[in-house]
Amino acid sequence: MTTPTAAPAVEIAGLSKSYPTGWMHRGRRTALADLTLSVPRGEVFGYLGPNGSGKTTTLKVLMGLLRADRGSARVLGEPHTARAWRYRAGYLPENPYLYDYLTPVEYLDYAGQLLGIAAVDRRGRAHRLLERVGLADAARVPMRRFSKGMLQRAGLAQALLNDPELVILDEPMTGLDPIGRHMVKELILELREQGRTVFFSTHILADAESLCDRVGLLRGGRLVTVGRLDEILRIDVDHLEVLLSGVDGALLDRLPGLKGRRALGERWSLQVEEASLAGLVKSVQQAGGRVLAVQPVRESLEEYFLRQVGGGTETGRPWEAA
């Protein structure tokens, strides 16, 4: 669908946005500060950040729902204020508001009319999409009876109605059960296989890690980093995590290359330097113990996220220094 010379799907330069605060609105709170970002076509881009970091503000500015203080943005090669590109893009807001007394079929027919889709095509697309998002059995049920997850599915069907080149999703997993989340992940992967661009914000880091070609991390309205996961994560093995049984604390004190340990009932989980694994296994076996598992440990996206935003504490039983 794309050519090597095609303009980026999304191109943002020096975008800033602030909101009035305080008495008489005399103060300003910065939501975005000099944001510069480019998303090539055909890419799944994950937009990450803690609550209040500016993710939703960015997407609303792109969609024309908010006006930036300064800076520029282009979408599918056109100024973001233009109307033409909107017929080639789909958008799912974080909290979609749908018409309570319409059924999903009626709502998609209405949205299709706004998009200029012919009646015969609207009906066919609506039924296919409702089947795809798991709402075929509720196609003629008024949406006021829908749960949060069902509304999210209906909103996703609307975002895909015009067969878009670019899909912008704001927290698409919100309110979905595990089956719904799996469905959305499969849809995103299908869109990538078709050469379409997906720009989505999320706080579910495991989903971003499994889906995205690149990610951008936003903090306090500023872009901290952007790139491929293998570029921004420490992909080398940091250490090994070894699970043992049949050993006591006295033996652990003598094991080579031990960085940390914690008791798991009658078992021990150890943090071990990679070069010391062979000597450790030999020592454990000589003492009559068993090595149950060895797992290389690399930095995850969640660990990187917490390291960059400076938040979070470890949960569970802490490691004891060796």
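## Salt bridges, sheet and surface patch

Glutamate 190 has a relative accessibility of 29%, so it counts as partly exposed. The model is predicted. Its salt bridges come to 12. An open four-stranded sheet and a nonpolar patch on the surface are also covered below.

**Salt bridge between α3 and α5**
- Glutamate 190 pairs with arginine 132 through their side chains, with an N to O distance of 2.7 Å.
- Arginine 132 belongs to helix α3 (residues 119-132) and glutamate 190 to helix α5 (residues 178-193), so this salt bridge ties together parts 58 residues apart in sequence.
- Arginine 132 is partly exposed as well, at 28% relative accessible area.

**Salt bridge from α5 to a loop**
- Arginine 192 makes a salt bridge with aspartate 213; the closest N and O atoms are 2.9 Å apart.
- Arginine 192 sits in helix α5, while aspartate 213 is in the loop between α6 (205-211) and β9 (214-219). The two residues are 21 residues apart, and the pair links distant parts of the chain.
- Arginine 192 is partly exposed at 27% relative accessibility. Aspartate 213 is partly exposed, also with a value of 27%.

**A buried arginine with an exposed partner**
- Arginine 261 and aspartate 253 form a salt bridge, their closest N and O atoms being 3.0 Å apart.
- Arginine 261 counts as buried because its relative accessibility of 15% falls under the 20% cut-off.
- Aspartate 253 is exposed because its relative accessible area of 58% is over the 50% limit.
- Salt bridges with shared partners also join Arg41, Glu78, Arg88 and Glu165 into one network.

**The sheet**
- The strand order is β2-β1-β4-β5, with antiparallel pairing.
- β2 (27-39) and β5 (78-79) are the edge strands, each pairing on one side only.
- Helix α1 (residues 55-62) packs on this sheet and touches β1 (10-21), β2 and β4. The direction of α1 makes about 115° with that of β1.
- Strands β4 (residues 70-75) and β5 run antiparallel and are joined by two bridges.
- Opposite valine 75 stands glutamate 78 of β5. Glutamate 78 is also one of the members of the salt-bridge network.

**Nonpolar surface patch**
- Tyr99, Tyr110 and Leu114 make up a nonpolar surface patch of about 310 Å².
- Leucine 114 lies in helix α2 (residues 104-114).
- Leucine 114 counts as exposed because its relative accessibility is 54%, and exposed means over 50%.

Terms used:
Residues are numbered from 1 along each chain as its sequence is written. This is a predicted model: local features need pLDDT of at least 70, side-chain atom pairs count only at pLDDT 80 or more; totals for chains, interfaces and linings use all residues. Side-chain values use heavy atoms; hydrogens and water are left out. Two strands pair if DSSP finds at least two bridges between them. Contact means heavy atoms within 4.5 Å. Axes are lines fitted to C-alpha atoms, for helices over the stretch in contact, and angles run from 0 to 180 degrees between N-to-C directions. Patches are made of residues with over 30% relative accessible area and no salt bridge: like charges are joined within 9 Å, nonpolar side chains (Val, Leu, Ile, Met, Phe, Trp, Tyr) within 5 Å. Accessible areas come from the Shrake-Rupley method with a 1.4 Å probe; for residues, only the protein chains shown count as cover. A salt bridge is a side-chain nitrogen of Lys or Arg within 4 Å of a carboxyl oxygen of Asp or Glu. Buried means under 20% relative accessible area, exposed over 50%, partly exposed in between (1.4 Å probe, protein chains only).
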